[in-house]
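Subject: Structure handover

Hello,

Please find the structure below, with notes on what was found in it underneath.

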Amino acid sequence: MTDQPRTAEPAPDGTPVRSGLSPRKRQQISRAVQYVVLALVVVFLALNIEWVQLGQNFTKPEVAAETLPALFTVALKNTIIYSVGGFVFAFLFGLLFALMRMSSVRPYRWIAVTYIEIFRGLPAVLIFLFILFLPLALPGFEVPGGTYGQGILGLAVVGSAYMAETLRAGLQAVPRGQMEAARSLGMSHTRSMVSIVIPQAIRIVIPPTTNQFVALLKDSSLVLFLGVSGEYVELTKFGNDMASTFANATPILVVGVTYLLVTIPLGYLASRLERRQARGR
């Protein structure tokens, strides 16, 4: 089918008045203009970027080789420790506060709402700074686990407020008939929640919690504000230290690629889980 200009109402003398190009033709012209602009931007960048200097500062093979094997045996290992530990505690605390927010006991709801709103509203870096200065506010107090414990605690506090809302949505998505059926079989409310409702809610929120883990993995870079060094450095701190040592940005690029090697497969997994869950509805 060919595009024909649309005609408007006839003029007073009976002659049809053309209203211009059809919507499809205008869309094609707009798209062509966008392609031309994009091509011009690419050509401009290709002609004006100092590729040799860029390569020397970001892709020096000998500097990249110096990051090995500590990149994997120390930095990536610590990043995974911080992220997995923070995720586990964020999940547990998030489930607790989700249940408290849904509780019929009003003080529980107040505590949960206060916690969630405060720690969702504060910048994550500020939470890590609070943890860093906690021993000054509480002399003699030490976070169990030392540096690892501090990093995990920071990520747990950051993640649990968001996880609580995700889990609350999952709990509310479980049909009420499930609880009623469990109670009719003689189960207590607590046993019904633990055995029937919570397992179903967890299955519902698997995709968003996978995305939450990816977010915590990236937030693990904030551990550097705890002043970590030596065997406790995570990827971002490691890359920054190596870049300062060699006065070259190649370690930053290497660390960025390492993050992507972990986060892209996890993001793909979350997307697949979401599609599978959507097909099952």
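Tyr82, Tyr148 and Tyr232 form one aromatic cluster in this model, which is a predicted one. Counted over the structure, there are 7 aromatic pairs. Two of them are described here.

Phe97 and Tyr115 make a stacked pair, with 4.1 Å from centre to centre and 5 degrees between the planes. Phe97 belongs to helix α4 (residues 70–101) and Tyr115 to helix α5, so this pair ties together parts that lie 18 residues apart in sequence. Phe97 and Tyr115 are both buried.

Tyr148 and Tyr232, two members of the cluster, pair edge-to-face: the centres are 5.1 Å apart and the planes stand at 70 degrees. This pair links distant parts of the chain, 84 residues apart, with Tyr148 in helix α8 and Tyr232 in the loop between α11 (206–219) and α12 (235–246). Tyr232 has a relative accessibility of 27%, and because that value falls between the 20% limit for buried and the 50% limit for exposed, Tyr232 counts as partly exposed.

The loop between α11 and α12 also holds Val233. Is Val233 buried or exposed? Its relative accessible area is 5%, which is under the 20% limit, so Val233 is buried. Leaving aside residues up to four places away in sequence, Val233 touches Val74, Ala75, Asn78, Val228, Phe238 and Asp241. Thr210 is 23 residues from Val233 along the chain, and the C-alpha atoms of Thr210 and Val233 are 24 Å apart.

Next, the helix packing. Helix α5 (residues 106–121) packs with helix α8 (residues 146–173) at an angle of about 125 degrees, and their axes are 9 Å apart. An angle of about 125 degrees falls outside the 65 to 115 range for roughly perpendicular and is not over 145, the limit for roughly antiparallel, so α5 and α8 are oblique to each other. Their crossing is left-handed. On the α5 side the contact is made by Tyr115, Ile116, Phe119 and Arg120, and on the α8 side by Val157, Ser160, Ala161, Tyr162, Ala164 and Glu165. By type, the residues of this contact comprise 7 nonpolar, 1 polar and 2 charged.

Tyr115 therefore appears twice in these notes: in the tie between α4 and α5 through its pair with Phe97, and among the residues of α5 that make the contact with α8.

Regards

Conventions. Residues numbered from 1 in each chain as written. Predicted model: local features only at pLDDT ≥ 70, side-chain atom pairs only at ≥ 80, totals over all residues. Heavy atoms only, no water. Axes fitted to C-alpha atoms, helices over the stretch in contact; angles between N-to-C directions. Helix = DSSP H or I, 4+ residues; strand = E, 2+ residues; numbered from the N terminus. Parallel < 35°, antiparallel > 145°, perpendicular 65-115°, else oblique. Left-handed = near helix turned anticlockwise from the far one by under 90°. Contact = heavy atoms within 4.5 Å. Nonpolar A, V, L, I, M, F, W, Y, C, P; charged D, E, K, R; others polar. Phe/Tyr/Trp six-rings, centres within 6.5 Å; stacked < 30°, edge-to-face > 60°. Buried < 20%, exposed > 50% of the residue type's maximum accessible area, 1.4 Å probe, protein only.
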